[in-house]
Amino acid sequence: MCIICQIVEGTLPSYKVYEDEHTLAFLDIAPVTDGHVLLVPKQHHQFVEDLPEDVHAALFDSLKKLVKPIQAAFDAPASNIFINNGPNAGPIIPHVHIHIIPRPKKTGMNLFSGTARFKPRNKEYFEDVAEKIRKKIRQ
Ligand SMILES: [Zn+2]
């Protein structure tokens, strides 16, 4: 079973920020910026074009719902949103996932340099970040 399916099933722990019938959003464990979230369909599909219509619609509904709260939680006026679709695009995980990366004004880092990622953080860091986002979603 793929790593994202294990997170969906709860056999692997994650810092969840949002969940509904078809989708789950949780913190990327190697964040590019504070608040870096992965949004996934609960159903396993490797490619965006394989998603059934209802799952596809639910995924992008959740994306729309999450972007503003995630940005607001970190005073970010913008975000990078992207999908690595297929192995040649560089994903390690064969399960559709959307990166949502809030971009505060002062961070000019190049996300695609390969060196942008922070070092792994501790549990307190992730719990704090996840709670900031959950709070904004609830508002
Ligand atoms: Zn999967």
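**Notebook: a chain with a zinc site**

**Entry 1. His99.** I began with His99, which lies in strand E5. I noted at the outset that the model is predicted. Is His99 buried or exposed? Its relative accessibility is 4%, so His99 counts as buried. I then looked for a polar partner of its side chain and found His36, joined to His99 by a polar contact of 2.9 Å.

**Entry 2. The chain as a whole.** I listed the secondary structure next: three helices and five strands. Along the sequence these elements follow the pattern α-β-β-β-α-β-β-α. The chain has 139 residues, and 42% of them count as buried. For the accessible surface I recorded about 7800 Å², with 53% of that area belonging to carbon and sulfur atoms. I also examined the contacts in the chain with a separation of 6 or more: 61% of these are between residues 24 or more positions apart.

**Entry 3. The zinc ion.** Which residues coordinate the zinc ion? I found Cys2 and Cys5, each through SG, together with His44 and His95, each through ND1. The distances run from 2.0 to 2.3 Å. In sequence, the spacing of these donor residues reads C-x2-C-x38-H-x50-H. His44 and His95 link distant parts of the chain, being 51 residues apart. I placed His44 in the loop between strand E3 (37-41) and helix H2 (53-73), and His95 in the loop between strand E4 (78-82) and strand E5 (98-103).

Why is the arrangement called tetrahedral? The four donor atoms subtend angles of 104 to 119° around the zinc ion, and therefore the arrangement is tetrahedral; the criterion for four donors is that all angles lie between 85 and 135 degrees.

I compared the cover of the two histidines. His44 has a relative accessible area of 39% and is therefore partly exposed. His95 has a relative accessibility of 1% and so counts as buried.

**Entry 4. His45.** I moved to His45, in the loop between E3 and H2. At 17% relative accessibility His45 counts as buried, because the limit is under 20%. Its side chain makes a polar contact of 2.7 Å with that of Gln43. Leaving out residues up to four places away in sequence, I found that His45 touches Asp50, Leu51 and Pro52, as well as Pro94, the zinc donor His95 and Val96.

**Entry 5. The nonpolar cores.** In soluble globular proteins, nonpolar side chains tend to be buried together. I looked up the largest nonpolar core here and found 24 residues. Those with the most contacts inside this core are Val17, Leu27, Val37, Leu39, Ile100 and Ile133. At least two residues come from each of strand E1 (16-19), strand E2 (23-27), E3, H2, E5 and helix H3 (123-138). H2 supplies the largest share, seven residues.

What does Ile133 contact, leaving aside its neighbours within four places in sequence? I listed Val17, Leu27, Gly35, Val37, Pro69, Ile70, Ala73 and Phe74. A second, separate core has nine residues, among them Leu38 and Val40. Cys2 and Cys5 also belong to this second core, and both coordinate the zinc ion.

**Entry 6. Ala58.** I closed with Ala58, which lies in helix H2. Its relative accessibility is 14%, so Ala58 counts as buried. Beyond its neighbours within four places in sequence, Ala58 is in contact with His22 and Thr23. I also took the C-alpha to C-alpha separation of Ala58 and Pro41: 8.1 Å in space, with their positions 17 residues apart in sequence.

Notes. Residues numbered from 1 in each chain as written. Predicted model: local features only at pLDDT ≥ 70, side-chain atom pairs only at ≥ 80, totals over all residues. Heavy atoms only, no water. Donors = N, O, S within 2.8 Å, 3.2 Å for Na, K, Ca; no water. Tetrahedral: all angles 85-135°; square planar, octahedral: opposite > 155°, others 65-115°. Helix = DSSP H or I, 4+ residues; strand = E, 2+ residues; numbered from the N terminus. Buried < 20%, exposed > 50% of the residue type's maximum accessible area, 1.4 Å probe, protein only. Core = buried A, V, L, I, M, F, W, Y, C linked by side-chain atoms within 4.5 Å. Contact = heavy atoms within 4.5 Å. Polar contact = N/O pair within 3.5 Å; in protein donor to acceptor, adjacent residues only side chain to side chain. Areas by Shrake-Rupley, 256 points an atom, 1.4 Å probe, with all protein chains shown as cover.
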